[in-house]
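The following exercises concern aromatic rings and strand pairing in a protein model. Each task is followed by a worked solution.

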Amino acid sequence: MNLVVVSNRVSRGKPNEPMTGGLAAALLPVVEKTGAIWVGSSGRVRDGQQKEPFAEVEALGAGALAMLDLPAAHYGGYYEGFANSALWPALHSRADLIRASHGDYASYREVNAFMARALLRFRKPDSMFWIQDYHFLALGAELRELDVTQPIGFFLHTPWPARAVISGVPNHRELIEAMLAYDLIGFQTDEDRENFLSYVSCDLGLAVEDGAIVSSYGRTRAAVFPISIDPQKFAQQATRAMTHPDVSRLRRSLNGEKLAIGVDRLDYSKGLVNRIKAFDRMWAQHPNLRRSVSLLQIATPSRGAIEAYGNLQSEIAKLVSDVNGAHGEVDWTPIRYLNKGFGQGVLAGLYRTAQVGVVTPLKDGMNLVAKEYVAAQNPADPGVLVLSKFAGAANELDAALLVNPHDIDGMARAIATALAMPLTERRVRWEAMMAKINANTIQQWFADFIEALQDTNGVGNVAPPEPPQLWPRRTADVVARYR
């Protein structure tokens, strides 16, 4: 088997390289151990004059990493435009934040087509293509147009919203029709899968037979594959990281006080505003917890050129300042707020240091931070996970303290409960969560998806009887079509 994994974001796997999202953290061990080729953006753009799109191809464990420069003329519309100003808010049920133009959609399709042409370099008779996430919803259709008949699978790391929300995305019908070129579409939860099937059945009028969608492409199976981590490896990292200088300095600075930790990209889906308000409420209602617990909030900036993200960064910075001003003292800072990323090794040690892990997104596909926090704990004296019931991880980690991230008072009570929880209960809850994480590892996730994709055998000679020219290659043509 020649497996080609494709994503927008990639990781070189350097020990101290900051991880900016769950996708990169999850795929890295898969590629390193299986010999797959991982294709993604180099982070640079090209002017269209270069004949060779791949900037670098290098070894990555047993596998390889191939990075390419995306076309400069379309990158902005593809990434900041359609992917992150239309799809991302929609997928996280924030229809009020959807912003996109016809040109953005055209650029999104152009970049998907560009990636498809580049992937032909890695096509072999025994190839399988595994496409990752919302940046490349149409990549399968573009590969089919290039006569690729090998199995092509797709995994969505984000949630999939209700029909009414996804219908707010420009060109949603054409885009979802293009997704049916995949042989297998994987989702994080049953709810995500059912939302997708509901759209396909009700809006596209297509039959769904035994979980497979019947379209002009053939049969597309929709299934659930909850993503996970390598818990044993992460536990080992956490143990080793306790002597790391950053972790040691943090532990010394606590002076006996307890620590809560939150680790997120700076994104409106992560519920950071409500989380900070919950800590503010807790300190106001429980003055005895002042000086006895602080919050370390790591918030890695991203997509700063998008207005919603710039506004969020300003709002959170002001809110942290206000809370620290209200509760802080000359020798105690309630919230330690860091706008930078850390490598997995350091994060593991920070998780193990914290008595409470706070993972409270408003909506999240899985949220691997929740699983990482649990795996990093000391079995003899584990911390407590406070987890949003709207994170995919809540379906597995139901022994956490589950909260509604919109309920500020409820979160404040849950954090206070976590801080006061006796050791016996902490152990029982931790052991229950670890049992589930150990039973569903990143290795199992990979094996389950690949086995299901192999069973599809690709499309073979199955193709639309009259292949429609839905997506002209010239931007002007696309804009005109959907104006």
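Rings of Phe, Tyr and Trp (for Trp, its six-membered ring) form a pair if their centres lie within 6.5 Å. The structure shown is a predicted model, and by this rule it holds 22 aromatic pairs.

**Exercise 1.** Classify the ring pair of F82 and Y108 as stacked, edge-to-face or tilted.

*Solution.* Step 1: the ring centres are 5.0 Å apart, and the limit for a pair is 6.5 Å. Step 2: planes under 30 degrees apart count as stacked, over 60 as edge-to-face and the rest as tilted. Step 3: the planes of F82 and Y108 stand at 50 degrees, so the pair is tilted. Step 4: F82 belongs to helix α2 and Y108 to helix α3 (residues 102-119), so the pair ties together parts that lie 26 residues apart in sequence. Both residues, F82 and Y108, are buried.

**Exercise 2.** Classify the pair of W130 and F449, and state where each residue lies.

*Solution.* Step 1: the distance is 4.5 Å centre to centre, with 15 degrees between the planes. Step 2: this pair is stacked. Step 3: W130 lies in strand β5 and F449 in helix α16, 319 residues apart, and the pair thus links distant parts of the chain. W130 and F449 are buried.

**Exercise 3.** Determine the order of the strands in the open sheet and identify the strands at its edges.

*Solution.* Step 1: the open sheet has 10 strands in the order β3-β4-β2-β1-β5-β6-β7-β10-β9-β8, with mixed pairing. Step 2: β3 and β8 (207-209) stand at the edges with a single partner strand each, so one side of each has no neighbour in the sheet. Step 3: from one strand to the next, the twist averages 25 degrees.

**Exercise 4.** Describe how strand β4 is joined to β2 and to β3, and decide whether β4 is enclosed or open.

*Solution.* Step 1: strand β2 (residues 37-46) and β4 run parallel and are joined by 7 bridges; here R46 stands opposite P71. Step 2: strand β3 (residues 54-60) and β4 run antiparallel, with 6 bridges, and E56 stands opposite M67. Step 3: β3 and β4 form a hairpin with 2 residues between them, and G61 in the turn has a positive phi of about 65 degrees. Step 4: 9 of the 9 residues of β4 (residues 63-71) are buried, so this strand is largely enclosed by the rest of the structure.

Notes. Residues numbered from 1 in each chain as written. Predicted model: local features only at pLDDT ≥ 70, side-chain atom pairs only at ≥ 80, totals over all residues. Heavy atoms only, no water. Buried < 20%, exposed > 50% of the residue type's maximum accessible area, 1.4 Å probe, protein only. Helix = DSSP H or I, 4+ residues; strand = E, 2+ residues; numbered from the N terminus. Pairing = 2+ DSSP bridges. Axes fitted to C-alpha atoms, helices over the stretch in contact; angles between N-to-C directions.
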